[in-house]
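Biologist: I would like a close look at one part of this model, namely the helices at the start of the chain and what they pack against. Please set that part in the context of the whole chain.

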Amino acid sequence: MTALAAPPVTVRPLGAPGHMGVDYEERVDFARLRDYRIGRAKAALAASGCGAFLLFDFYNIRYTTQTWIGGALGDKMIRYCLLTREGDPILWDFGSAVRHHKLYSPWLPQENWRAGFLGFRGAVAPDAGLMRDAVTEIKSILTEAGLADEPVGMDIVEPPFLFEMQRQGLTVVDAQQSMLDARVIKSNDEIMLLNQAAAMVDGVYQDIVDVLKPGVRENEIVALANKRLYEMGSDQVEAVNAISGERCNPHPHNFTDRIIRPGDQAFFDIIHSYNGYRTCYYRTFGVGSATQSQRDAYKTAREWMDRSIDAIRPGVGSDQIARLLPKAEDFGFENEMAAFGLQFAHGLGLGLHERPIISRLNSLENPIELQAGMVFAMETYAPASDGISAARIEEEVVVTDNGPVILTKFPAQELFVANEY
């Protein structure tokens with residue numbers, strides 16, 4: 001009897017499962033995610049030559065302590081985390097959030113959740129002594145650990161706090177480079193969360209094309225996107241750009257109350273996060289109809305996108321990808337600085353702009369090597385010959401050993417005309 005050949009191994013696509021935890025499928029393992037992130041941060045600290053990292057960047061705080069406060073408190077420079085070589089992270093947090101961590105965040109010792117307040121970015125003057133007392137406490141911890149004479153890496157800082165660190169004899173160096181390096185390679189859990197976030201935007205774009213008709217305003221589209229994202233489980237809608245008609249060229253990077261009209265070209269960027277992991281996801285549409293000029297611009301933007309994505313694989317230099325993007329002069333700008341942000345790629349993760357940043361502005365002279373596990377958003381922009389319209393496309397890309405994998409699924413190979421007549 002002839003033995004049957006084993007079936008070929010199938011490489012499964014990246015998953016975008018539901019939001020619930022279930023017993024019958026393996027989904028995101030948050031304990032594994034926390035272990036991965038703190039492991040990467042600790043390795044970065046060990047390689048840095050620092051005795052400790054003192055982190056104020058709220059994405060670095062989330063990466064190391066697995067906590068989050070967004071909205072009004074997320075960017076006020078009042079939350080900070082001390083990461084030492086041997087110990088668990090210590091987080092100074094705002095008010096009652098400390099009690100909440102003690103109840104619901106058991107992965108750190110109870111004594112590592114501490115209350116802290118530095119003054120709301122100067123609203124309480126440094127003369128009040130809050131920064132002095134905070135630095136004194138930090139220095140005592142470092143002294144006890146035998147680290148007070150070693151450099152302290154910091155990511156972002158208010159000048160008065162930096163001056164106080166120096167006044168008390170602490171040597172401060174840059175930690176942001178080390179933390180961005182730590183965050184650049186995403187685990188399978190992180191990639192699944194990024195994919196879930198993108199899947200939510202896939203659905204929002206369907207909602208948008210259903211209502212994208214003459215008479216609707218840009219701000220109404222923004223309101224719709226916010227509502228749908230929060231209904232689907234978004235934890236932060238950072239921005240929704242809505243640009244239409246004569247506002248498309250030059251790109252204003254915002255939205256207004258402009259009434260959308262027949263034949264407009266309109267593009268949107270949806271930036272939100274699910275469990276912290278972000279999207280940056282442009283799509284361009286015709287409203288009811290499209291001119292040849294608008295279709296030509298879209299075809300150009302798509303060609304620039306496709307030739308760049310086709311070259312993405314581990315081992316390729318970011319300069320090689322950047323050279324495939326059009327020069328600033330090719331689409332009407334005087335230099336790369338003036339055109340920055342229209343033809344480039346930026347890393348995605350807990351932050352909107354992580355590594356790698358790929359553009360003609362920075363990558364030709366300072367390239368980095370692409371690695372499996374990097375995730376970034378690739379953006380192109382092509383102005384139309386009519387002088388007012390423009391096409392904007394963005395795809396989120398995972399670098400894998402088997403080539404690039406696209407997370408953004410809403411149709412974008414050809415100009416999508418909504419509610420065509």
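Which residues does UniProt give for the feature "domain: Peptidase M24"? And from there, please describe how the helices meet one another.

Modeller: The model is predicted, which applies to everything below. The UniProt record, an unreviewed entry, places "domain: Peptidase M24" at residues 194-401. Within that span, 29% is helix and 27% is strand. The C-alpha atoms at the two ends of residues 194-401 are 18 Å apart.

A separate division splits the chain into domain 1, residues 30-183, and domain 2, residues 185-418. Where the two meet, domain 1 supplies 15 residues and domain 2 supplies 17 residues. The C-alpha centres of domain 1 and domain 2 are 33 Å apart.

Now to the helices. Helix 1 covers residues 30-48 and helix 7 covers residues 188-211. Their axes are 9 Å apart, and the angle between them is about 115 degrees. From helix 1, the residues in this contact are F30, R32, L33, Y36 and R37. From helix 7, they are D189, E190 and L193. Sorted by class, the contact of helix 1 with helix 7 holds 4 nonpolar and 4 charged residues, with no polar ones.

Helix 1 also packs against helix 2, again at an angle of about 115 degrees, and here the axes are 7 Å apart. Because angles of 65 to 115 degrees count as roughly perpendicular, helix 1 is roughly perpendicular to helix 2. On the helix 1 side, the contact uses Y36, R37, I38, R40 and A41. On the helix 2 side, R62, Y63 and T64 take part. This contact of helix 1 with helix 2 contains 4 nonpolar, 1 polar and 3 charged residues. Y36 and R37 of helix 1 therefore appear in two lists: they meet helix 7, and they meet helix 2 as well.

Helix 2, residues 58-65, has another partner in helix 6, residues 176-183. The axes of helix 2 and helix 6 come within 11 Å and cross at roughly 55 degrees. That angle makes helix 2 oblique to helix 6. The crossing of helix 2 past helix 6 is left-handed. Helix 2 brings Y59, N60, Y63 and T64 to the contact, while helix 6 brings Q176, M179, A182 and R183. Of the residues in the contact of helix 2 with helix 6, 4 are nonpolar, 3 are polar and 1 is charged. Y63 and T64 of helix 2 meet helix 6, and they also meet helix 1.

Some points of backbone geometry remain. Most residues other than glycine have a negative phi, and most peptide bonds are trans. Q66 sits in the loop between helix 2 and strand 2, residues 80-84. Its phi is near 60 degrees, a positive value in a residue that is not glycine. Elsewhere in the chain, the peptide bond from N249 to P250 is cis, with omega near 5 degrees. P250 belongs to the loop between strand 7 (236-244) and strand 8 (265-274). The peptide bond from R355 to P356 is also cis, with omega near 0 degrees. P356 is part of strand 12, residues 354-358.

Methods:
Residues numbered from 1 in each chain as written. Predicted model: local features only at pLDDT ≥ 70, side-chain atom pairs only at ≥ 80, totals over all residues. Heavy atoms only, no water. UniProt positions renumbered as here; feature names shortened; annotations may be inferred. Helix = DSSP H or I, 4+ residues; strand = E, 2+ residues; numbered from the N terminus. Axes fitted to C-alpha atoms, helices over the stretch in contact; angles between N-to-C directions. Parallel < 35°, antiparallel > 145°, perpendicular 65-115°, else oblique. Left-handed = near helix turned anticlockwise from the far one by under 90°. Contact = heavy atoms within 4.5 Å. Nonpolar A, V, L, I, M, F, W, Y, C, P; charged D, E, K, R; others polar. Domains from an automatic or database assignment.
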